[in-house]
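Student: Please take one strand of this model and go through its surroundings closely. After that, add a word on the cysteines.

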Amino acid sequence: MMTEQAGARPVLVLLHGGGPGVDAASNWVAVRTRLSAGFRCLAPDLLGFGTQVTGDGTAGLLGPAAWADARARQVLALLDHHGLDRVHVVGNSAAGGAAALALLAAAPDRVGRAVLMGGAGTGPLPRTVPFYDEPTKASMRATLARLVADENAHRDLLDDLAGLRLEQALRPGAEAAFRSMFAEVAGGPPPVDAGTIATPVLALHGERDRVQPVEVSERLAAALPHGRLEVVTGAGHWIHVDRPDEFCTLVGEFLSA
């Protein structure tokens, strides 16, 4: 787990996205230093990814809601371990965003404010499982390219990440975990009712997101009693990579309000 510590800075829990081979450190590298200037950051590898591919609590999980609930329990255990009563949260996309929503529903007293990115898993499931039907470096590179608005602006980063994430995506258990996260199931736990969330939430969405349309976050923000939407001009799904300065400003101002 990536941890930044200092004095009395407010604690910010960074929950990474859900692409194949992702981990916390690589997901937040573009904004970690700047966010750490104002917050003590905790960035765990979420269940099913990184060091937690087959972590405690993953056995038998099937479908997005079950994984989101398990990750919310994981975050609560992390807060208890560090003796933290109340934190802010940034949740990225279908893994971290959905986990953040589940956390807000399960333990609203533990979160002061939350930022949800890219629709927070409230949009439609992907029509096909990315990468694993063709588990090659070229396939991984193409998967990552969809996450930014202009891959030519991030060519070196995407090349480096493709190698790292290919290795992590091919670890034992990683494919089975990933496929189970996006499985359609009947009779599983219901999705979070956004209308019951009392926490102030900032929904961030990239104007040029090719993974989920802006309308997904528009619906989410409208359903949240204290939700607000910011569409980031020129950004893709990875707002924090395409527009890191604007991302950090929006997050810092909202969480400090």
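Tutor: What follows covers one strand, its partners and then the cysteines. The model is predicted.

The strand is β5, residues 111-117. Six of its seven residues are buried, which leaves the strand mostly covered.

β5 has a pairing with β4, the strand of residues 87-92. The two run in the parallel sense, and five bridges join them. One point of register is G91, which stands opposite L116 in β5. The connection between these strands involves helix α4, residues 93-106. Taken together, β4, α4 and β5 form a β-α-β unit, and its hand is right.

β5 also pairs with β6, residues 201-206. This pairing is again parallel, with four bridges. Here A114 of β5 faces V201 in β6. β5 therefore pairs in the parallel sense with β4 and with β6, by the rule that two strands pair if at least two bridges are found between them.

Now the cysteines. A disulfide is a covalent bond between the sulfur atoms of two cysteines. The cut-off used for the sulfur pair is 2.5 Å, and by that rule the count of disulfides is zero. C41 is in no disulfide, and the nearest cysteine sulfur to its own, that of C248, is 9.2 Å away. C248 is likewise in no disulfide, with the sulfur of C41 as its nearest at 9.2 Å. As for accessibility, C41 counts as buried because its relative accessibility is 1%. C248 has a relative accessible area of 7%, so C248 is buried too.

Definitions and conventions
Residues numbered from 1 in each chain as written. Predicted model: local features only at pLDDT ≥ 70, side-chain atom pairs only at ≥ 80, totals over all residues. Heavy atoms only, no water. Buried < 20%, exposed > 50% of the residue type's maximum accessible area, 1.4 Å probe, protein only. Right-handed = clockwise from strand over helix to strand, strands pointing away.
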